[in-house]
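The exercises below are to be worked with the sequence and the model side by side. Each task is followed by a solution in steps.

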Amino acid sequence: MTTKKYDAIIIGAGIIGNCISYELALKGYRTLNVDKLSGSGFGSTAGSCAIIRLYYSSPEGVALAREGYYYWLDWNRYLNVSDPDGMAFYKNTGAMVFKSKGNHNLVKVKESLDALGVGYIDLSPEDIKNYIPNPDLSSFHPQKRMDDPKFGTPTGKQISGAVYVPESGYVSDPKLSTHNVEMAVRQVGGDFMFNARVIDILKKDGRAGGIALENGTAIHAPVVINVAGPHSYLINRMAGIEDQMNIKTKALRVEVAHVPSPEGLDWENTGIITSDSDTGVYTRPETGNHFLIGSEEPKCDPLEYVDPDNYNTDFTDQIKTQTMREAMRLPDLPIPNSPPGLVDLYDVSDDWYPIYDKSSLPGFYLAIGTSGNQYKNAPVVGSFMAKLVEYCESGNDHDKDPYAYRMKYIDHNLNIGFFSRNREINQDSSFSVIG
Ligand SMILES: Cc1cc2nc3c(=O)[nH]c(=O)nc-3n(C[C@H](O)[C@H](O)[C@H](O)COP(=O)(O)OP(=O)(O)OC[C@H]3O[C@@H](n4cnc5c(N)ncnc54)[C@H](O)[C@@H]3O)c2cc1C
């Protein structure tokens, strides 16, 4: 098993790790994805809401999402593989984003959408009634915790409108999509090793030289890529590079609720994605005619950073808080006593933008800090990370002369230096899952 030679080891077989190895393998790299779990996409990718939306707070974020969107539209052709488990698919629903003070009434978002020719409709508060059932258009901002006596009480004004982006939706099954990529990687010669925990990064001649596994095995390769999701900071510590990064990553515990639709409403088939930074929640239609409700991290909610190998997997009050926040907007929404849902982890960076970069250890690369919002970008990240590896391994200094990525589907050059580990904290960020 270890006698085989590899050009690149990818730590992690989530959606991003697999997309990176796919693109490297297409270029002729002999790749190995190593994952401590028993299959592809079993880490935080499995819990993903897999929402594909184009609104981000930075033009770079919008461009990346726009490019990623086309890969999902073209999924089967992109992978060119037949997966015996079936192929994941993109379902278009449209997305409505509420204007708020927090997102500067979407002025910058609209500029970025305009720059890339993304169509949208500017909605008045009244128009919103055509998109969601029987909404309460009051403003509830600033958000509160459930134990605040004013929780759920409108704060006087009406919300100021919304933007509806029809090109938005979600992928049917994030775990299956990751398996699809594994099949495509295998078809072009890449290998996978599961149930294998990396415990150290090997070094040779002042650069990355491979990995050491918990079972005592050492595997050598001149390129090692950290795509370990919420465990990314632990892998960086093994490589000894964390202290030399300006932006760091941490594992954040999050809860997502699945709540039945109001009676008589076929939300599973007719529903849209909503992002409501006035109440502090986002939603997506979910199978079983449910509303899936996630948090947009309002300031009143404490952020719970955890040890990714030892955290509380039970629901807390948070799941009910999120459900009640959505019910402020949709008073017909039933509020179950203990709504079903899931508990999972985001790999959050200091400014909630991802780190796609080289590191201070030559040959050791980073695709981390995905902050709960990079599933949608995985194929395009795979594409530019493979090119970044080539760029650096052929002697270019990405820190001084950042790699400019020419996108495939849209007429746009993306400066990959934007995602540098050594950037200053991006103050334009929403500092939430919105990015
Ligand atoms: C609840 C939730 C909702 C989300 N919703 C959305 C959304 O709607 N839209 C969107 O775009 N994004 C969303 N995201 C974010 C998105 O899912 C992630 O950005 C993406 O899945 C990250 O993929 P990854 O491959 O980097 O990481 P992961 O899927 O976490 O994969 C990392 C892998 O590394 C492995 N690993 C870690 N440490 C080791 C080790 N020491 N040795 C070996 N293997 C190791 C893990 O087992 C894991 O399988 C959401 C995330 C969550 C948790």
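**Exercise 1. A small sheet**

Which order do the strands of the open sheet of 3 strands have, and is the pairing parallel or antiparallel?

Solution. Two conventions come first. The model is predicted, so local features need pLDDT of at least 70, side-chain atom pairs count only at pLDDT 80 or more, and totals for chains, interfaces and linings use all residues. Residues are numbered from 1 along each chain as its sequence is written.

Step 1. Helices (H or I, at least four residues) and strands (E, at least two) are DSSP runs numbered from the N terminus, and two strands pair if DSSP finds at least two bridges between them.

Step 2. The order is S3-S8-S4, and the pairing is antiparallel.

Step 3. Strand S3 (51-52) and strand S4 (90-92) are the edge strands, each pairing on one side only.

Step 4. S4 is joined to strand S8 (residues 169-171) by 3 bridges in the antiparallel sense. Lys-91 stands opposite Tyr-170 in S8.

**Exercise 2. Two domains and the ligand**

Determine how the chain is divided, and where the ligand lies with respect to the parts.

Solution. Step 1. Domain 1 (8-86 + 173-248 + 351-419) and domain 2 (95-166 + 249-349) make up the division; such bounds come from an automatic or database domain assignment. The domain centres, taken over C-alpha atoms, are separated by 29 Å.

Step 2. Contact is counted when the C-beta atoms of two residues, placed from the backbone, lie within 7 Å. On that basis, 30 residues of domain 1 are in contact with 27 residues of domain 2. On the domain 1 side, helix H2 (59-73) and helix H6 (232-239) are the elements that give two or more residues. H2 provides the largest share of that side, 4 residues. The class composition of the side is 16 nonpolar, 10 polar and 4 charged residues, where Ala, Val, Leu, Ile, Met, Phe, Trp, Tyr, Cys and Pro count as nonpolar, Asp, Glu, Lys and Arg as charged, and the others, Gly among them, as polar.

Step 3. A residue is near a molecule if its C-beta atom, placed from the backbone, lies within 6 Å of it. There are 38 residues around the ligand, of which Gly-12, Gly-14, Gly-43, Ser-48 and Gly-229 come nearest. Two or more residues of this shell are given by each of helix H1 (15-26), strand S14 (249-260) and strand S19 (341-349). By class, the shell has 19 nonpolar, 14 polar and 5 charged residues.

Step 4. Both domain 1 and domain 2 give residues to the shell, so the ligand lies between them.

**Exercise 3. Helix H1**

Check the length of H1 and decide whether its residues are buried or exposed.

Solution. Step 1. The expected span of a helix is 1.5 Å times one less than its number of residues. The 12 residues of H1 should therefore span 16 Å, and its end C-alpha atoms are 17 Å apart, which agrees.

Step 2. A residue is buried if 20 or more other C-beta atoms lie within 10 Å of its own, exposed if 12 or fewer, and partly exposed in between, with C-beta atoms placed from the backbone. Because 11 of the 12 residues of H1 are buried, the helix is largely enclosed by the rest of the structure. Among them are Ile-16, Cys-19 and Leu-24.

Step 3. The cover of these buried residues includes strand S1 (8-11), helix H5 (174-187), strand S13 (223-226) and strand S21 (364-368). Just after H1, Gly-28 takes a positive phi of about 100 degrees.

**Exercise 4. Strand S21**

Which residues point each way from S21, and which strands pair with S21?

Solution. Step 1. Phe-364, Leu-366 and Ile-368 point one way, Tyr-365 and Ala-367 point the other way, and all are buried.

Step 2. S13 pairs with S21 in the parallel sense over 3 bridges, and Ile-225 stands opposite Tyr-365.

Step 3. Strand S20 (residues 355-357) is joined to S21 by 3 bridges, and the two run antiparallel. Ile-355 stands opposite Ile-368. In the S20 and S21 hairpin, with 6 residues between the strands, Gly-363 takes a positive phi near 85 degrees.
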